[in-house]
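The following exercises are to be worked through with the sequence and the coordinates at hand. Each task is followed by a solution in steps.

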Amino acid sequence: MDATNGHGSNKVESFCVSDPLNWGMAAETLKGSHLDEVKRMVAEYRKPVVRLGGETLTISQVAAIAGREGDVSVELSETARAGVNASSEWVMESMSKGTDSYGVTTGFGATSHRRTKQGGALQKELIRFLNAGIFGNGTESCHTLPHSATRAAMLVRINTLLQGYSGIRFEILEAITKLLNHNITPCLPLRGTVTASGDLVPLSYIAGLLTGRPNSKAVGPSGEVVNAEEAFKMAGIESGFLSCSLRKAWLLLMALQLALAWPLCDAGKPEFTDHLTHKLKHHPGQIEAAAIMEHILDGSSYVKEAKKLHEMDPLQKPKQDRYALRTSPQWLGPQIEVIRASTKSIEREINSVNDNPLIDVSRNKALHGGNFQGTPIGVSMDNTRLAIAAIGKLMFAQFSELVNDFYNNGLPSNLSGSRNPSLDYGFKGAEIAMASYCSELQFLANPVTNHVQSAEQHNQDVNSLGLISSRKTAEAVDILKLMSTTYLVALCQAIDLRHLEENLKSTVKKTVSHVAKKTLTTGANGELHPSRFCEKDLLKVVDREHVFAYIDDPCSATYPLVQKVRQVLVEHALNNGENEKNGSTSIFQKYARGGVESGNPSIPNRIKECRSYPLYKFVREELRTGLLTGEKVRSPGEDFDKVFTAMCEGKIIDPLLDCLSSWNGAPLPIC
């Protein structure tokens, strides 16, 4: 028996012999690190051409067609033509013999018992009754599916049909391809599908455009709204309107974005990334997350400086970090695994055949089944949304510690950068916004697929709700971008404040040292003064005191620095005993308060010596953001918008990958 189905290879037979349950294939796709997978996806996304053959389409290619309008084109594999035409000819031959064929000579769904010989009229009626969507007027309300989602659905539908089991003509696939390549996008309704027998209502509008329905509309390359006839002219489709039975489709593709944690760990203990800890837990996502953090922190100037400081002054060494930092690999690891598994599930789905019936030319039969059921999409999107919400929750917890002076190791409250903290509330508004984003994100984590309602006279009594779940996941990704933007700007603010702190502390120490040497070393007659031993203790006080706790008024008697300096002097005075009564040897008479000088920083920013510097440089230099203070007119939201726009345009990808350019893909050795 010829088992080629018109594809020129023994394909059906291979289904029965090689990896019959597909678990081997699924496991094979998960080999290698998630970072390598992300790099592959980025490289594929940037290619100028997507070549379709029916079985190798990837999420990154779908994202490219969806989002890079005009920059990437679609090419159809000519080798697929024979298989597609073979199944189409089988349908026509079956009709000529008077054989019943679902959706061609029969009714649909619960009314499939009806029969007709007017196949052409039936296809027109199919599209007409499915055109039941609502668009709104575009001002107060707009219910149009985003064009990126429509383009993604068109591409995936072409890929599905190219496999030659659907009974459709190759010319229809070429027409849809021309619409994509000329950046002409049909207008589809946003809502109105349960993703059971495909996304019938939205996708019927693509069929409506192809068949020239008068209510069909499309958006041209310049944003103009055109009718079906104008769309065909612009796309160069010369065959005229098509007759088709474009039945089942299912996908709204959503581009997944993994948010990696780049902890600002100058005060924390990097041992939480030690490989042994995570190897003993066995989960690959956790191991990879920890290894990436370990690599970033191993090259951090902040961590190296903190290690030196802790060796010299153990009192400044922190105890255990809070969970948001210490358990971040354990928290992020499962999310990485969920997102990766969902990605692979969707890639299998977009390369599957999901029509009903399926035309098996090799066995001369039509198979009636349920491949149209979009459950892999609904479940994958629910799981992905839950992972996104967990990532957002961790981000919010880390952000909350960063802006809270009780937890951030001496940075100012709200990360305010002004000289006068009474007139600068820094990121207080941003923290409120983050709480709002996080709350909405946690709400969106609720599953969609457990809200199934029976539809279409109880024929579609279980359905996947894949498109609805995908839409909610797209919303979740957008909110996570808002959170990532806010957190990234806050991290840059913290880095700049840490730089400012280091310079201010250096100035204070120089001032204290200078005053001590000048006034506390010798007495009035040139003799050595007992207070000369104060300098070391005074500098230790400066080292241990958080700069931003006093720097707006360093000489204030109510601020901790002066109080602790005074305490040192009192202790030395008490040790001075009776000599303290002598004016020439009195420490208090020699005590003078110094101020903090301003000017160009004498100490460079340590971030330049860190592996995460490309990300900082991108935000500060390329996007032209800066230290936010109450003394400036610029608001936090203005900088957030710059970063958010760049993130949506994909400009943050290269700086992010540059941070890991020197990583060899393995944890640091433990022996």
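**Exercise 1. Salt bridges**

The structure holds 24 salt bridges, a salt bridge being a side-chain nitrogen of Lys or Arg within 4 Å of a carboxyl oxygen of Asp or Glu. The model is predicted: local features need pLDDT of at least 70, side-chain atom pairs count only at pLDDT 80 or more, and totals for chains, interfaces and linings use all residues. Residues are numbered from 1 along each chain as its sequence is written, and side-chain values use heavy atoms, with hydrogens and water left out.

*Task.* Determine which parts of the chain the salt bridge between Arg40 and Glu347 ties together, and state whether each partner is buried or exposed.

*Solution.*
1. The side chains of Arg40 and Glu347 approach to 3.9 Å, N to O, in a salt bridge.
2. Arg40 belongs to helix 3 (residues 34–45) and Glu347 to helix 15 (residues 328–350), so the pair joins parts 307 residues apart in sequence. Helices here are DSSP runs of H or I with at least four residues, strands are runs of E with at least two, and both are numbered from the N terminus.
3. Arg40 is partly exposed at 26% relative accessibility, whereas Glu347 is buried at 10%. Buried means under 20% relative accessible area, exposed over 50%, and partly exposed in between, with a 1.4 Å probe and protein chains only.
4. Arg40 and Glu347 also belong to a network of salt bridges that links them with Glu37, Glu44, Arg340 and Lys344.

**Exercise 2. Helix 16 and its surroundings**

*Task.* Establish where the partners of the Glu401–Arg322 salt bridge lie, and how many residues of helix 16 are buried.

*Solution.*
1. In the salt bridge of Glu401 with Arg322, the closest N and O atoms are 3.4 Å apart.
2. Glu401 lies in helix 16 (residues 375–403), and Arg322 in the loop between helix 13 (301–312) and helix 14 (323–326), 79 residues apart.
3. Glu401 is buried at 18% relative accessibility, while Arg322 is partly exposed at 37%.
4. Of the 29 residues of helix 16, 21 are buried, so the helix is largely enclosed by the rest of the structure.
5. The 29 residues should span 42 Å at 1.5 Å a residue, and the end C-alpha atoms of helix 16 are 42 Å apart, in agreement. The expected span is 1.5 Å times one less than the number of residues.
6. Gln335, in helix 15, is buried at 12% relative accessibility. Gln335 touches Ala387, Ala390 and Ile391, leaving aside residues up to four places away in sequence; contact means heavy atoms within 4.5 Å.

**Exercise 3. A sheet of three strands**

*Task.* Identify which strands stand at the edges of the open sheet with the order 3-4-5.

*Solution.*
1. The three strands of this open sheet pair in antiparallel fashion. Two strands pair if DSSP finds at least two bridges between them.
2. Strand 3 (185–186) and strand 5 (225–227) are the edge strands; each has a single partner strand, so one side of each lacks a neighbour in the sheet.
3. Strand 4 (residues 217–219) pairs with strand 5 over three bridges, and Ala218 stands opposite Val226 in strand 5.
4. Helix 10 (residues 228–235) lies across strand 4 and strand 5, at about 100° to strand 5. Axes are lines fitted to C-alpha atoms, for helices over the stretch in contact, and angles run from 0 to 180 degrees between N-to-C directions.
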